[in-house]
Amino acid sequence: MATFRLQGSKVLAVDMTGDAVKAKNGSMVAYDGQMAFKKMTGGGEGIRGMVTRRLTGEQMTMMEVKGQGTCYFADRASEISLVQLHGDKLYVESSNLLCADGGLRTGTTFTGLRGGASGNGLFTTTVEGTGQAAIMSDGTAVVLRVTPQYPLSVDPGAYIAHQGNLRQDFQSGVTFRTFLGEGGGEAFQIRFEGDGVVYVQPSERNTVGGDV
């Protein structure tokens with residue numbers, strides 16, 4: 001199995017001895033040894049995955065990297081966090097997934113409705129199995145614990161990923177900017193209940209719900 005390690009906080013080094021990893025297309029910045037690169041169809045899930053991702057709008061372009069040596073990955077100077085999976089599943093925004101062990105399975109899953117009035121479905125990428133994955137964030141990611149006693153509400157613009165036995169609901173809510181009249185579109189939050197962890201970034205991307 002390939003070995004993941006960080007070179008600083010913005011570069012991922014993957015040591016391989018004939019192993020393969022899935023990485024975001026175009027994220028290789030350097031390598032030593034012998035490496036082969038191959039673009040993967042449908043985020044590594046073949047034709048069926050490509051069709052599913054086009055239907056859901058959850059786009060992800062991956063490449064397979066295989067060889068002997070060390071390959072270095074980075075993307076737009078984003079901060080990188082390592083996630084260890086032990087037969088469980090990681091839910092991650094496709095734009096935040098940098099690299100995953102070749103043996104991990106990737107897919108797309110429906111995560112809920114964005115508000116009862118709109119009826120729009122939201123989808124996210126899944127990574128499942130045993131191995132390591134590297135996720136990216138705009139600023140250093142914060143890992144927040146969720147327990148049955150302490151549910152968590154997250155701004156969807158700051159959400160990166162979650163892991164564990166969590167239930168996810170989308171709720172319309174009034175944010176500070178909405179209260180000041182600066183919001184646009186439908187303001188909503190993601191509420192997590194159960195037992196697990198949620199990864200958030202200290203900045204907000206634009207979301208399908210408008211400014212939140």
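Partly exposed, as used in these legends, means a relative accessible area between the buried range, under 20%, and the exposed range, over 50%. Asp15, at 24% relative accessibility, therefore counts as partly exposed. All views come from a predicted model.

**Figure 1. The whole chain, with 2 helices and 12 strands.** Walk along the sequence and the elements come up as β-β-β-α-β-β-β-β-β-β-β-β-α-β. The chain has 212 residues, and 46% of them count as buried. If you take the contacts between residues at least 6 apart in sequence, 78% of those join residues at least 24 apart. The accessible surface comes to about 10,300 Å², with 49% of that belonging to carbon and sulfur atoms.

**Figure 2. Strand S2 and its pairing partners, S1, S4 and S6.** S1 (residues 3-7) and S2 (residues 11-24) run antiparallel and share 5 bridges, with Phe4 bridging to Val14. The two strands make a hairpin with 3 residues between them, and Gly8 in the turn has a positive phi of about 75 degrees. S2 also pairs with S4, again antiparallel, through 12 bridges; one of the partnerships is Ala13 with Tyr72. S6 (residues 97-101) joins S2 in the antiparallel sense over 3 bridges, and here Ala23 stands opposite Cys99.

**Figure 3. The Arg5–Asp15 salt bridge, at 2.8 Å from N to O.** Arg5 sits in strand S1 and Asp15 in strand S2, 10 residues apart, and the pair links distant parts of the chain. How exposed is Arg5? With 31% relative accessibility, Arg5 counts as partly exposed. Asp15 gets that label too, at 24%. Across the model, the salt-bridge count comes to 8.

**Figure 4. Asp19, a buried acid without a salt bridge.** This residue belongs to strand S2. Which side chain of opposite charge is nearest to Asp19? That would be Lys66, but at 9.2 Å the distance is beyond the 4 Å salt-bridge cut-off. What the Asp19 side chain does reach is backbone: the nitrogen of Met1 lies at 3.2 Å, and the nitrogen of Thr17 is 2.7 Å from one of the polar atoms of the Asp19 side chain. Leaving out residues up to four places away in sequence, Asp19 touches Met1, Ala2, Val65, Lys66 and Gly67.

**Figure 5. The loop between S4 and S5, with positive phi values at Arg76 and Ala77.** Most residues other than glycine have a negative phi. Arg76 goes the other way, with phi near 55 degrees, and Ala77 has phi near 60 degrees. Arg76 lies in the loop joining strand S4 (62-73) and strand S5 (79-92), and Ala77 belongs to the loop between S4 and S5 as well. Is Arg76 buried or exposed? Exposed, with a relative accessible area of 80%.

**Figure 6. A salt-bridge network of Lys89, Arg105 and Glu128.** Side chains of opposite charge can pair when their charged atoms come close. Within this trio, Glu128 bridges to Lys89, with the closest N and O atoms 3.9 Å apart. Glu128 is in strand S8 and Lys89 in strand S5, so the salt bridge ties together parts that are 39 residues apart in sequence. Glu128 is partly exposed at 27% relative accessibility, and Lys89 is partly exposed at 29%.

**Figure 7. Gly129, a buried glycine in strand S8.** S8 spans residues 121-137. The relative accessible area of Gly129 is just 8%. Beyond its neighbours within four places in sequence, Gly129 contacts Leu85, His86, Gly87, Asp88, Leu104 and Arg105. Thr106 is 23 residues away from Gly129 along the chain, with 9.2 Å between the C-alpha atoms.

**Figure 8. Strands S9 and S12, with a salt bridge from Arg145 to Asp195.** The N to O distance in this salt bridge is 2.5 Å. Asp195 lies in S12 (residues 188-200) and Arg145 in S9, so the pair ties together parts that are 50 residues apart in sequence. Arg145 is exposed at 53%, whereas Asp195 is partly exposed at 36%. Then there is Val146, in S9 (residues 142-146), which is buried with a relative accessible area of 0%. Sequence neighbours up to four places away aside, the residues touching Val146 include Pro151, Leu152, Leu166, Phe192 and Val198. Glu193 also touches Val146; these two are 47 residues apart in sequence, yet 6.7 Å apart from C-alpha to C-alpha.

Notes. Residues are numbered from 1 along each chain as its sequence is written. This is a predicted model: local features need pLDDT of at least 70, side-chain atom pairs count only at pLDDT 80 or more; totals for chains, interfaces and linings use all residues. Side-chain values use heavy atoms; hydrogens and water are left out. Helices (H or I, at least four residues) and strands (E, at least two) are DSSP runs, numbered from the N terminus. Buried means under 20% relative accessible area, exposed over 50%, partly exposed in between (1.4 Å probe, protein chains only). Contact means heavy atoms within 4.5 Å. Accessible areas come from the Shrake-Rupley method with a 1.4 Å probe; for residues, only the protein chains shown count as cover. Two strands pair if DSSP finds at least two bridges between them. Lys and Arg count as positive and Asp and Glu as negative; His and the chain ends are not counted. A polar contact is a pair of N or O atoms within 3.5 Å; within protein, one must be able to donate a hydrogen and the other to accept it, and residues adjacent in sequence count only if both atoms are side-chain atoms.
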